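Could you walk me through this structure in my viewer, one selection at a time? Please tell me what to pick next and what I will find there.

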Amino acid sequence: MIENVKMDTFLSEYWGDGNTRRAAIHSCTQGYFVELYENEKLVETRNLFQHSRHYAEDCAENWVQGIF
């Protein structure tokens, strides 16, 4: 989770084939962020505050498909 976020709302979750990777999209007062998990361990939180929800969804999909 992003530090200093006053309120966040869970929006959606993406799962990869084999369920080893998942991504959770959240919105907050600053914008969107995506939590990236592998084997149920948080690997990274991507701050996408300057981007759209569509961009956050693309980020989540790319993660679970192993593109990055």
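Helices and strands here are DSSP runs, at least four residues for a helix and at least two for a strand, numbered from the N terminus. With that in hand, colour this predicted model by secondary structure and trace the chain from its N terminus: the elements run β-β-β-β-α. That gives 4 strands and 1 helix.

Next, select the whole protein and zoom out. Along the principal axes, the C-alpha atoms fill a box of roughly 35 × 20 × 15 Å. The radius of gyration is 11 Å, which agrees with the value near 11 Å for a compact globule of 68 residues.

Now switch on the surface. About 4,400 Å² is exposed, and carbon and sulfur atoms supply 45% of that area. Of the 68 residues, 37% count as buried.

Colour by charge for the next stop. You should find 11 negative and 6 positive side chains, and the centres of these two sets lie 4 Å apart.

Finally, go to strand S1, residues 8-15, and select Asp8, which lies in this strand. Is Asp8 buried or exposed? Neither label fits: Asp8 is partly exposed, because its relative accessible area of 27% falls between the 20% and 50% cut-offs. Show side chains and add His26 to the selection: a polar contact of 3.0 Å joins the side chains of Asp8 and His26. To end the tour, pick the C-alpha atoms of Asp8 and Tyr37; these residues are 29 apart in sequence and 18 Å apart in space.

Note on methods. Residues numbered from 1 in each chain as written. Predicted model: local features only at pLDDT ≥ 70, side-chain atom pairs only at ≥ 80, totals over all residues. Heavy atoms only, no water. Buried < 20%, exposed > 50% of the residue type's maximum accessible area, 1.4 Å probe, protein only. Polar contact = N/O pair within 3.5 Å; in protein donor to acceptor, adjacent residues only side chain to side chain. Rg over C-alpha atoms; globule rule 2.2 N^0.38 Å. Areas by Shrake-Rupley, 256 points an atom, 1.4 Å probe, with all protein chains shown as cover. Lys, Arg positive; Asp, Glu negative; His and termini not counted. Charge placed at Lys NZ, Arg CZ, Asp CG, Glu CD.
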